[in-house]
Amino acid sequence: MRPQRTITALTVVAALFAAGCSTRGDSSGRGGSEDGERAAATAPAASGDFGDLQHVCGRGDPSGAPAQGVTAKEIHVGVMSDVGFTKNTEFADAAKAFTSWCNEAGGINGRKIVPKVRDTKMLEVRQRVDEACRADFALVGGSAALDGLGVKDRLKCLLPDFPAQTVQRQNEGAELQLSMQAGGPSYFRYAGFYDWLIKDAYPDSADAVGIISGDSPVTRVSLEQRVEFFKSRGAKPSYTDLYPASGVTNWTPYAQAIKEKKVKGLVFMGDFTSLAKLEQELTAMNYKLDWIDANSNAYGTAFTKLAGPQILAAQNNLADVSGIHPMEKASSNPPTKQALDLFEKYAPGKQATLPAIKSISAWLLFAKSATSCGNDLTRKCIHDAARKETAWTGGGLQAPVNLAVQDAPVKCMNIEKATPDGWEPADFEPNEGAYRCGITSYKLKGNYGRPMKLKDVGKSLKDLE
């Protein structure tokens, strides 16, 4: 990347990955309470149970300081966030909501969780990891768009990570990472989604797929992976393009190219504001695609409000939300409702976004693992405890994930559709509750980099204490 383009390119990277998105809408339609006192009165009291998880948090009589960041009264953890660059507080909000609830229930066996937001400001990932290495017990519930920059330092200091999501290849599936996110680094995460699109739902689009992405080194890799996947299915993309990282003032040429190439299915990797503008041009040309992969960045009320009912009625926007239960269907899934209630009570006025729900699941994984360690709370104990979770659902927030295997294909998916009335589950024929499981997988063949291992920094799991 040329130096003069660094900041503008990072803007696109931030938009492409949920770790650095600009403010998104609340997919539940609730958006937080306007009256903190009213929300506190209506939200359920913290009991230490979450969904089908019993005694995640609770009282105790702890003693000693068994590990860095752990005292007889507190557990200090870091929360990675690009908030200083994106102004998006979703990971800090999730940390506040969860730790307030957990601490009210007694903490982790009596120890209070003290979260510290490590603001990377997009470019300062290594500095924040270095700070966490000196003070924190673990990293929990956060993410950074350039997370690969800090993984080497994290492994050197043997710092466990329970991320809400991962982004770069060096970090995705790296050791000492306990991720609730489905899919391993050597598998294409969206194989089931795209197979459904071009084989089941819209087979006529298979030979007319277009892919458009922001122009940065990170997103080019994602584009190349998608091209590889579609080619493996005999569906060579008919159109691929990159738009400038500095932004686009006129989307008409892109819309014209899509129409001229007779694209029927479009994969859009970018921010939902740009997607709405592109769809406005396509709709003005009276060109309707069979489907548009709007990506999960668009899953929220902000996109549907921005696009408006006319565009949403004309274009078929879909998003794979990676096995997280639909937030607009919280009334039918008590754990999702409980997560939204935590926001209303402990972070009133804040939005429970899709990444924030992922963050809550990551916090639950940390808390359950830490609680199982009892008084002797060490990094090795929480790491080993989390790794034993073979069907993690975050108490019911998501489809099961096997943490015992770090590199495995996605087993379940769920697809959302944007309508003039908001997001709703698409007709993707779920077979296990809200999810379609037993979906197809695809192992990537291209060289896209690999996750870092402890041996890369001269360490091993035997060094973890």
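In this predicted model, strands β11 and β12 run antiparallel to each other and are paired through four bridges. Strand β11 covers residues 415–419, and strand β12 covers residues 422–425. The two strands make up a hairpin, with two residues between them. A handy place to pick up this pairing in the viewer is T419, which sits opposite G422 of β12.

Turning to the interior, the largest nonpolar core brings together 115 residues. Within this core, the residues with the most contacts are F98, F303 and F366. Helix α13, spanning residues 354–372, supplies the largest share of the core, with eleven residues. The surroundings of F98 can be followed residue by residue: leaving aside residues up to four places away in sequence, F98 is in contact with C57, I113, I360, W363, L364 and A367. Apart from this core lies another one, made of eleven residues that include M122, V125, V129 and L146.

The model also has pockets to explore, and the second largest of them is described here. The space in this second largest pocket amounts to about 380 Å³. Its lining consists of 29 residues. For anyone wishing to centre the view on the second largest pocket, the lining residues nearest its centre are Q181, A182, G183, V401 and N402. Sorted by class, the lining of this pocket comprises twelve nonpolar residues, twelve polar residues and five charged residues.

Technical notes: Residues numbered from 1 in each chain as written. Predicted model: local features only at pLDDT ≥ 70, side-chain atom pairs only at ≥ 80, totals over all residues. Heavy atoms only, no water. Pairing = 2+ DSSP bridges. Core = buried A, V, L, I, M, F, W, Y, C linked by side-chain atoms within 4.5 Å. Buried < 20%, exposed > 50% of the residue type's maximum accessible area, 1.4 Å probe, protein only. Contact = heavy atoms within 4.5 Å. 1 Å grid on protein atoms, 1.4 Å probe; cavity = no way out; pocket = protein on both sides within 12 Å on 5 of 7 lines; lining within 4 Å. Points joined across faces, edges and corners; volume = space filled by probe spheres on them. Nonpolar A, V, L, I, M, F, W, Y, C, P; charged D, E, K, R; others polar.
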